[in-house]
Amino acid sequence: MTFSILAIFTVQPGYIAQFRSALLKNAKESQQEPGCISYIVHGDASATNIFFLYEKYQTKEDYEFHRTTLHLKEFREVMTPMLECEPVIYRGTEI
């Protein structure tokens, strides 16, 4: 059964370009992971400082592996000071 993530990030206005770059770099590396079906980055159509991504993995274990990767750890360290608030993250399986 596939496992999916929807993550929403609200970025401080002065960091939009830096955040976008870090997010795209993380996405490119995440797409290469075993078990990653898709990792798609979006920008909100009405708010330039809101980004969201949709991740889909073959299994929950594949997602758990993703959480241990160096590139995700680096992304978290870089992006955290750029955010206005904690990311909103939904995790689930297809129904």
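Modeller: Start with the rule for rings. Two rings of Phe, Tyr or Trp pair if their centres lie within 6.5 Å. The model is predicted. By this rule it holds 6 aromatic pairs.

Colleague: Take Phe19 and Phe51. What makes them an aromatic pair, and why is the pair called tilted?

Modeller: Their centres are 5.3 Å apart, and the limit is 6.5 Å. That makes a pair. The planes meet at 45°. Stacked needs under 30 degrees and edge-to-face over 60, and the rest count as tilted. Hence tilted.

Colleague: Which parts of the chain does this pair tie together?

Modeller: Phe19 lies in helix 1 (residues 16–30) and Phe51 in strand 3, so the contact joins parts 32 residues apart in sequence. Phe19 and Phe51 are both buried.

Colleague: And Phe19 with Phe75: how do you know what kind of pair that is?

Modeller: By the angle again. The centres are 5.9 Å apart and the planes stand at 55°, so this pair is tilted. The edge-to-face class starts over 60 degrees.

Colleague: Where do Phe19 and Phe75 lie?

Modeller: Phe19 is in helix 1 and Phe75 in helix 3 (residues 70–79), so the link spans 56 residues in sequence. Phe19 and Phe75 are both buried.

Colleague: Which residues do ring pairs link into a cluster?

Modeller: Phe9, Phe19, Phe51 and Phe75.

Colleague: Now strand 1 (residues 3–10). What makes you call strand 1 mostly covered?

Modeller: A count. 6 of its 8 residues are buried, and buried means under 20% relative accessible area.

Colleague: How do you know that strand 1 and strand 3 pair, and in which sense?

Modeller: Two bridges would be enough. Strand 1 and strand 3 (residues 50–57) have 8, and they pair in the antiparallel sense. One example is Thr10, whose bridge partner in strand 3 is Ile50.

Colleague: How many bridges join strand 1 to strand 4?

Modeller: 6 bridges, against a minimum of two. Strand 1 and strand 4 (residues 88–93) run antiparallel. Leu6 has Tyr90 as its bridge partner in strand 4.

Colleague: Leu6 sits in strand 1. Why is Leu6 called partly exposed?

Modeller: Its relative accessibility is 30%. Buried is under 20% and exposed is over 50%. The value for Leu6 falls between these limits, so Leu6 counts as partly exposed.

Colleague: Which residues make the nonpolar surface patch with Leu6?

Modeller: Val88 and Tyr90. With Leu6 they make a patch of about 260 Å². Tyr90 is also the bridge partner of Leu6 in strand 4.

Methods. Residues are numbered from 1 along each chain as its sequence is written. This is a predicted model: local features need pLDDT of at least 70, side-chain atom pairs count only at pLDDT 80 or more; totals for chains, interfaces and linings use all residues. Side-chain values use heavy atoms; hydrogens and water are left out. Buried means under 20% relative accessible area, exposed over 50%, partly exposed in between (1.4 Å probe, protein chains only). Helices (H or I, at least four residues) and strands (E, at least two) are DSSP runs, numbered from the N terminus. Patches are made of residues with over 30% relative accessible area and no salt bridge: like charges are joined within 9 Å, nonpolar side chains (Val, Leu, Ile, Met, Phe, Trp, Tyr) within 5 Å. Accessible areas come from the Shrake-Rupley method with a 1.4 Å probe; for residues, only the protein chains shown count as cover. A salt bridge is a side-chain nitrogen of Lys or Arg within 4 Å of a carboxyl oxygen of Asp or Glu.
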